[in-house]
Amino acid sequence: MSTSKPLVLVLGATGKTGGIIVKGLLASGDFRVAALVRSASASKSATEKLRSSGVEIRLGDLEDSVETHKATLAGVDVLISTVIATAGPKQKNILLAAKEAGVKRVVPSDFGTPLGPKGIGELHDQKIAIRDFIKEHDIPHTFIDVGWWMQLYLPIPLRSNAPLEFRSLTYRFAGGGTTPILLTYNDHIGTFVARIISDPRTLNQAVIVWEDAASQLDAQEIGARVSGDGEKLKELYTNATVEEILQAAAAAKEKLAQDPTDYFAYVMQSWNEYTYSMHILGENTLENAKRLGYLDARDLYPDVPTTTLEEYAKEFYAMEEPAAAYGYTGK
């Protein structure tokens, strides 16, 4: 592999988003790719898979000192972070090290809905705080958001083995379900990222990636029709009020305060806060993203193929267990 190609170091490369981005970078053929991996994970199968695909493995930990990170970042041109949400605030040391090591561009762990004012949700606010930190320290950057994953938007069909309690979240409208939101097929994120990080127009800018826009009502109609469940599925649909959504977020937050290791409570708090942001406040729209100063990836890269929610639905309902797209493992 030519050493003249830019070197991209990915944090969280064995995770879902990180793996998708690594795949997209390698497929582009335009980059050398490295991954930061903890020493304890150096021989794990996920790490071996990265190594066998041509990814350079660099050992380290997100909580390493700035000086240690500087050595880890030697020769790196672009740093992309896809660390899990709970680790977001811990990115500061490696971001400072990136500036000192001469990294030309950092991409913090965002890859969500457009970020507006603080106060909408804790995860939202943590991401804004990292962006403010990057700007305050004049670190060259690109912020990338992708709206909401299509994989988390369609109603789970009746044939699923997932319990009703799990499936019911996908049957719930918020505030009538009429607000269209931006959607992206998650497997395509890496393709867009590869284009964005090599584009001088996106340096020190925020970019919104999206492939389709659809309301919850649109998704439920597509689901009932493409799944073949029709009216039987529609009978399960419910509408959550603003008060119910905020109460659910508050209840999950209280549980998390009692037990910070309760990951399900963390997920439920974030899920309801994002529901409020997207479907009540209408923040996950192209109009809002542009108002916030985002560049539109579809304007920048009109040649990149996109998928509609209707097209993805055919794939989703053909899965042996569609709930697996939501993380259901059958356990």
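**Exercise 1. The domain interface**

How much area do domain 1 and domain 2 bury between them, and what share of it is on carbon and sulfur atoms? Characterise the two domains of this predicted model and the contact between them.

*Solution.*

Step 1. Establish the division of the chain. Domain 1 comprises 7-147 + 185-208, and domain 2 comprises 150-183 + 212-284 + 305-326. Their C-alpha centres are separated by 27 Å.

Step 2. State the buried area. Domain 1 and domain 2 bury about 1600 Å² between them, with 56% of it on carbon and sulfur atoms.

Step 3. Identify the main contributor on one side. On the side of domain 1 that touches domain 2, helix 5 (residues 122-136) gives the most, namely four residues.

Step 4. Classify that side. The side of domain 1 that touches domain 2 holds nine nonpolar, seven polar and two charged residues.

Step 5. Count the residues in contact. With contact taken as heavy atoms within 4.5 Å, 18 residues of domain 1 meet 19 residues of domain 2.

Step 6. Examine specific interactions. There are zero salt bridges between domain 1 and domain 2, whereas two residue pairs are in polar contact, both at pLDDT 80 or more.

**Exercise 2. The mixed sheet**

Determine the strand order and pairing of the sheet that contains strand 9, and explain why one side of strand 7 and of strand 11 is left without a neighbour.

*Solution.*

Step 1. Give the order. The strands of this open sheet follow the order 7-9-11, and the pairing is mixed.

Step 2. Locate the edges. Strand 7 (148-149) and strand 11 (212-214) are the edge strands; each has a single partner strand, and therefore one side of each lacks a neighbour in the sheet.

Step 3. Inspect one pairing. Three bridges connect strand 9 (residues 181-184) with strand 11 in the antiparallel sense. Within the sheet, L183 is placed opposite D212 of strand 11.

**Exercise 3. The parallel sheet**

Trace the pairings in the open sheet ordered 6-10-13.

*Solution.*

Step 1. Describe the sheet as a whole. Three strands make up this open sheet, with parallel pairing. Strand 6 and strand 13 are the edge strands, each pairing on one side only.

Step 2. Take the pair 6 and 10. Strand 6 (residues 142-145) runs parallel to strand 10 (residues 205-208), and four bridges join them. I144 faces V207 of strand 10 as its opposite residue.

Step 3. Take the pair 10 and 13. Two bridges link strand 10 to strand 13 (residues 295-296), again in the parallel sense. Here I208 is opposite D296 of strand 13.

**Exercise 4. A salt bridge between loops**

Which residue forms a salt bridge with D61, and where in the chain do the two partners lie?

*Solution.*

Step 1. Set the context. The structure contains 15 salt bridges.

Step 2. Identify the partner and apply the criterion. D61 is paired with R38, and their closest N and O atoms are 3.2 Å apart; the cut-off is 4 Å.

Step 3. Place both residues. D61 belongs to the loop between strand 3 (56-59) and helix 3 (66-72), and R38 to the loop between strand 2 (32-37) and helix 2 (45-52). The pair thus links distant parts of the chain, 23 residues apart.

Definitions and conventions. Residues are numbered from 1 along each chain as its sequence is written. This is a predicted model: local features need pLDDT of at least 70, side-chain atom pairs count only at pLDDT 80 or more; totals for chains, interfaces and linings use all residues. Side-chain values use heavy atoms; hydrogens and water are left out. Domain bounds come from an automatic or database domain assignment. Buried area is the accessible area (1.4 Å probe) that two parts lose on being put together, summed over both. A salt bridge is a side-chain nitrogen of Lys or Arg within 4 Å of a carboxyl oxygen of Asp or Glu. A polar contact is a pair of N or O atoms within 3.5 Å; within protein, one must be able to donate a hydrogen and the other to accept it, and residues adjacent in sequence count only if both atoms are side-chain atoms. Ala, Val, Leu, Ile, Met, Phe, Trp, Tyr, Cys and Pro count as nonpolar, Asp, Glu, Lys and Arg as charged, and the others, Gly among them, as polar. Two strands pair if DSSP finds at least two bridges between them.
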